[in-house]
Every structure is written in structure tokens, then in C-alpha cells.
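Trainee: I'm new to this one. Could you walk me through how to read a few of its features?

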Amino acid sequence: MTAVTPSRSLSNGLFAGRPMAAGPELIGEHTARLGPLPGPEATRDLIPALELSGLLGRGGAGFPVGRKWRSIAERSDGRAVVLANGAEGEPLSAKDRAVMTLRPHAVLDGVLLAARVVGADEAILYIGAEHRAARRSLATALAERPLPLTVRIVDAPDRYVAGEESAAVHFVNDGDARPTNVPPRPYERGVGGRPTLVQNVESLAYAGLIARRGSDWFRAASQAGPAGLGMVTLAGVAHPGAREIEMGAPLGEIVGPSGARQETTQAVLIGGYFGRWATAAEAWDLALDPAAMRRAGLAFGCGVVSVLGTDECGLEMTGRILGYLAEQSAAQCGPCVFGLRAIADAAGRLAGRSGTPDDLARIERWGGQLAGRGACRHPDGAAGLLQSSFKIFGEEWQRHARSRTCSFAGQPARAA
Amino acid sequence: MSDQILWFATRGAGVVSLLLFTAVMVLGILAVMRWQSPAWPRFLSVGLHRNLALLSVVFLAIHIVTAIVDPFTSLGLVAAAIPFASSYRPFGVGLGVIAVDIFLALVATSLLRDWIGQRTWRAVHWLAYASWPLALVHGVESGSDASTPWLIGLELACVAAVLAAAGWRLAAGRSNRSRLATVAAGAALSTRTSRRGI
Amino acid sequence: MTTTARAIGARPVAELRIDRTACDGYGLCAELLPELIELDDWGYPIVRDAAVPDELLGLARRAVEACPVLALRVRSRAGG
């Protein structure tokens, strides 16, 4: 994680205070900076506050946090479970790690408040096993300040799908991190059959801030609109890494200070492996908030912004990502196992300039059949990525397929 | 003559039952092997398998009831219900009783599949491979036509059919549905353990 | 169905649902219900239209029965 001058002043944010490069914020600083956590009497008001704040889930699905907590509070008999999702299986994303490692007490605040509000007597910190610093930091924070409920840390397997909501619950219940058929969803029946709040660690951290400062503060925190503050991860830039931003800020203003320039940018991958491509022109003025992005046919997802330079081949990266997604399939459903694998193989051939026009025709056809035919949304993400690559890199696909040349390599094709 | 009718019915229904069971076995294997041709869609194997199995219940019932009711056999309800409890060819009849018990379990679980779930149903259904040979040996051991050429020929044909079908299934190994299963096993394993990613 | 229900538009809609983890590509559903289901290159079903019109309901139920792994279901959903 590199320290970078933030694009705007975020003096009120999650990462105000101790700089990112200086390691985890300890309990003393945390309490000094933010003040005490609201007491149990204020619990009643938290759900309305969250709903008013418009805080959306930051794991990728973007579901309103207040509404989620409400639906569990309604069905909880005091034995609900809070599962803080810090699996962060998306390879390009680093923001959950940043939040867990550097602001562990903010996460624990969120967990404690959530438990109080939804009526949970148990919390699980579901942390990607490979995120060792994050695990250490949270374990230390828990030791510094034990919570008044049963808390355990569960190591999430290092698989892309392990962070999916039903997969997390499945792993905690049965040691198998594969998504399950829904319904029932975790909020109805999750860990141990009890209503379970599966919430991203960043969402929990911001919920903690909103509990202290109110929904008005959150809505006013960004000069660019009412969407508050949030985390993104920048990649493909000179200074990559996690950043806190004012939501709604234009993408160009966010990536600029990290070393990117529109003139040298060909396209931007927004949302990670589960996301979509956009041209540099589209992307630069794009307001980084879920509503605006949805209107533009994109999705905020987990906040990954990956810049592709004018000298790089977008097909190469797309092919690589599709190969990864195919390999990371939970392999429970035929269309994903066979369809996605076939698409990844053909796309890989095309990207490597050993494919044929037939390959291209096939991935266009197969790509249109991928969405909505699995038990989880994994193939849908791949389909979205593929379709967006056709839109943005259409000519390049044609060139790779017909003449087996790449605009970005200038080399003749290698033999099939 | 009328005394003989029950005896004929028992033997006749028994033979028909065996033929139907054989067809049901072969069709079941065709179904699981996903065999099809332009003139024979997959649903035909599945549908016939089911319907012939239900039909064979009728012939089985005739076979058993006439055997019990027939005054010339010393078979009573006890012999029909409890294996090896008959005084007439206890071994042969006993095998038949076991075969019927398994068969009834197969039918019952299939009719109730919606309620008991796929896994339980499948576990019980494997017993079909035990039930059929028992029925065949029962026919050989306890039937009174056992030495007639036509019956021997029939039985050999049934054995050949089932052996061929079962052999085909065995030879195909796990290739049929295992593509997904093999990939899935790998994915399942890695979602249980933590290991470094790509 | 009562006239009142019809007038309000509360007619229940029958919908095809496939348990994708149970589905093993036997393809009987597409044989029996080709109007609504077709198979992809690997034999797995693509549901063209999940809503089952009345005249196909009988066939849909047969398809549900025929599936060797019980992956196909017809669910009733309130709608209109």
C-alpha cells in the first residue's frame, strides 16, 4: 500500500487521522478521533439513520445497508448472527484489506452496532486466509477491546467465490465455500439456520461512522453529491492501491493524482474482474457513485478502477481475467463449468493471436448464453466483462481473429 | 383343470414379471447413459422405464397372490412375507421374497421422490442391481418350468440383455456424467482448504 | 379462478425454475418442452421463457416428472 496525497480533503473520513503508511489505528487514537460509540439507547435510531444516509453495501451488490439490517432485525429472536465479510477474493481489490488492517476498530464498531441493532449474539469475522496482516490487525484489535458477544475469526478459503454471501455461510456451516441455491437467503436462514447479516467490512466501518455523526453528515461528506464516502482500489497506475474517496467524484480526478492521464489511457476496467470496460473518454468524467454508474450501464461493484494504457492490449487482460474466472468457478453448474471454460479457452487463443473467426463467432454466441444460468452470479460477471470488451475492443477482436495481429504488439501471429 | 389355472397364472405372471424387470433394468441403464437416437428420445427411456415398472407391480401381484391362494402349494402369507420361511423350495422362494421387498422399496421411493429428496432416492435405487439377479435366480430355483427349453432360452436372453447393458455402463466408466463431477471435486476441495491463489 | 380474481389481475403465473446445481444436462426437459427450453452446446437447458402458458402446463408437469435428477420445477407465482 503506497501513501498518496488524496485527491480531495477527506478530513472527516474513515482514513482521516493516522496516515495509511503508518499502520493500524489503535484503540486509543480511534476513540480520541471519533468519540465514544453511541450507547444502546441510540440503537433504535440507527436503522432509520442508515436508511436515510443511503449507505449501500460495498461488497459488490450495492444493497442498501439500512434495509438489510431492518429485514434481519425484524426476524431476529436475539440469536441472529453478524458475519463481517472480509474475504476480498477479487484479485484487483485491496480496499477491504486496507480497512481491516488499518482501521480494525472501525470494523469492530460496525460489528458491535450491527449485533445490537439486529439482535445478534454471535459475530464472525470472515477474513480471506491470505490476508494475514488484516487478520493480525483484527485479532489484536479484538484483544484490545473484547466485544460483549461471541466473536470468532474464520479463515475464508482463497477462492474467488468464497466471498459470495451464500458461500460464506456455507463455509461457516459446512466447511464448503461454494455458493448455494437461494432462496433461502442468509438473512432468512444462514449460519446455524439463524438469520445472518452478511455485510462487507467497509460497509460496517461506515455504518459505525454514521452512527456517531448521523446521516446528514454522511450525505454532506462528498462535495460531488449525496453518496457519502467510500473506498476504491486503483490499479494500472503508477501508484496503485486502496483510496478513500468522496463518492461521485469524477474518475479522472481520482486516478489523476495516482499517475494516470487521459491521453495515455485506452480504457478503464471498472468493478474488477466482475466489472466492465469503459473507454477513456467515457470513464474520465464518470462520477464514481453507484447511481450515476448504473445510468451509464456500468456498476460500482467493489470499487476497483483498473487503467489500461494506450500501449496495452485489452484483449490480453480480458483473456487472462476470463481464464481466471473459469478456473475459479465453483464447478457446480454445467453452463459455468463448460460454457465459461470454453469461452475462456477461445478468448485466450484469440488474445494470443492463435484464434480463428470461428472462435470469435463462438464466444459471441456462448457469451450471450452465459448469464442467469448458474446457481450464483459468477457466470453473469464474466458475461458482463466479455460483452463490454466486445463493445470497447470490438475492432481489436476482429483484428485478432481475422489477421491474427495485435495493434499493440506489432508482431506477426504465432502458429496456431 | 381349474386347479391348474392358479398354477398357470403364478408361473405365467412370474415369467412376464421377469421379462418386464429385464426391460426395466435395460431401460434404466439406457436412461442414465443418456442414450438416444433420432427415433428414440431420452424421455422415452425414462418414461417406459417408469411405466413398465408400474406395470410389473400388477404382474408381480398376480404372481404372488395366486401362489398364496393356490391350495396345491403350501405357500401361505408367512412364506410370501418372510424369506426362506416356505416349506416348498425355501431357498428359491426366499430369494424371490427379498427381490420383491427391494422392488417395493424402489417403487415406493420413486413415487415419493419429491419428498425424500434426490440423494436418498438414488442410494436406494442402486439396490435394483441386487433385486434383478435375485428375481432371476428365484425363477430358476423355484419355478417348475425350469428345465423347459423355451424358459431357459428366455432366461438366457434376459441375462444377456442385462449383462450387455450393465457391461456397457461399466465400460463407459465415469465418463458420462463425471466431467462435471471431476471438475467439481477439485473445486470443492479447494473451497475447503485455504491455499494461495493463482 | 374467480371472476373477481381475474378482474383484479391476480392470476397466478406458472414459472419454470431449474436447480442449476442439480441439473446434469440430461435434456429431457428440452425434449418434452421445446417451446420453452432449448439446450446449449453441452446439453444444458436454456430457458427461453420462464412463464408457462396454460396450454403447456400439462407438458411442463410431465417434464418435471421426467427429469432424472428433479432439477426442473414449476412454481406458482402471484402475478399477472
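Mentor: Sure. Keep in mind that this is a predicted model. Let's start with one residue: A:Arg353 counts as buried because it has 23 C-beta neighbours inside 10 Å, and the cut-off for buried is 20 or more.

Trainee: Where along chain A do I look for A:Arg353?

Mentor: Look in the loop between helix H14 (334-351) and helix H15 (357-370) of chain A.

Trainee: And what should I check in its backbone?

Mentor: Check phi. Most residues other than glycine have a negative phi. A:Arg353 is not a glycine, yet its phi is positive, about 65 degrees.

Trainee: Which other arginine has a positive phi, about 55 degrees?

Mentor: That's A:Arg404, again not a glycine. You'll find A:Arg404 in the segment after helix H16 (378-402) of chain A.

Trainee: Is A:Arg404 buried, exposed or partly exposed?

Mentor: Partly exposed, because 19 C-beta neighbours lie inside 10 Å of A:Arg404.

Trainee: OK, zooming out. How is chain A divided into domains?

Mentor: Domain 1 covers 20-218 and domain 2 covers 314-402. Taken over C-alpha atoms, the centres of these two domains of chain A are 33 Å apart.

Trainee: How many residues of each domain of chain A are in contact with the other?

Mentor: 7 residues of domain 1 are in contact with 6 residues of domain 2. On the domain 1 side, you get 3 nonpolar, 1 polar and 3 charged residues.

Trainee: Now helices. How do I describe a packed pair?

Mentor: Use the angle between their axes and the distance between the axes. Try helix H4 (residues 90-111) and helix H6 (residues 118-125) of chain B: their axes come within 9 Å and cross at roughly 160 degrees.

Trainee: What does that angle say about the directions of H4(B) and H6(B)?

Mentor: Angles over 145 degrees count as roughly antiparallel, so H4(B) and H6(B) are roughly antiparallel to each other. The crossing of H4(B) past H6(B) is left-handed.

Trainee: Which residues meet there?

Mentor: From H4(B) come B:Ala105, B:Leu106, B:Thr109 and B:Ser110, and they meet B:Trp121, B:Val124 and B:His125 of H6(B). By class, this contact has 4 nonpolar, 3 polar and no charged residues.

Trainee: Last one: how many residues of chain C are in contact with chain B?

Mentor: 11 residues of chain C, facing 11 residues of chain B. Helix H2 (residues 28-32) of chain C gives the largest share of the chain C side, 3 residues. Sorted by class, that side has 8 nonpolar, 1 polar and 2 charged residues.

Terms used: Residues numbered from 1 in each chain as written. Chains lettered and ligands numbered in written order. Predicted model: local features only at pLDDT ≥ 70, side-chain atom pairs only at ≥ 80, totals over all residues. Contact = placed C-beta atoms within 7 Å. Helix = DSSP H or I, 4+ residues; strand = E, 2+ residues; numbered from the N terminus. Nonpolar A, V, L, I, M, F, W, Y, C, P; charged D, E, K, R; others polar. Domains from an automatic or database assignment. Buried ≥ 20, exposed ≤ 12 C-beta atoms within 10 Å, placed from the backbone. Axes fitted to C-alpha atoms, helices over the stretch in contact; angles between N-to-C directions. Parallel < 35°, antiparallel > 145°, perpendicular 65-115°, else oblique. Left-handed = near helix turned anticlockwise from the far one by under 90°.
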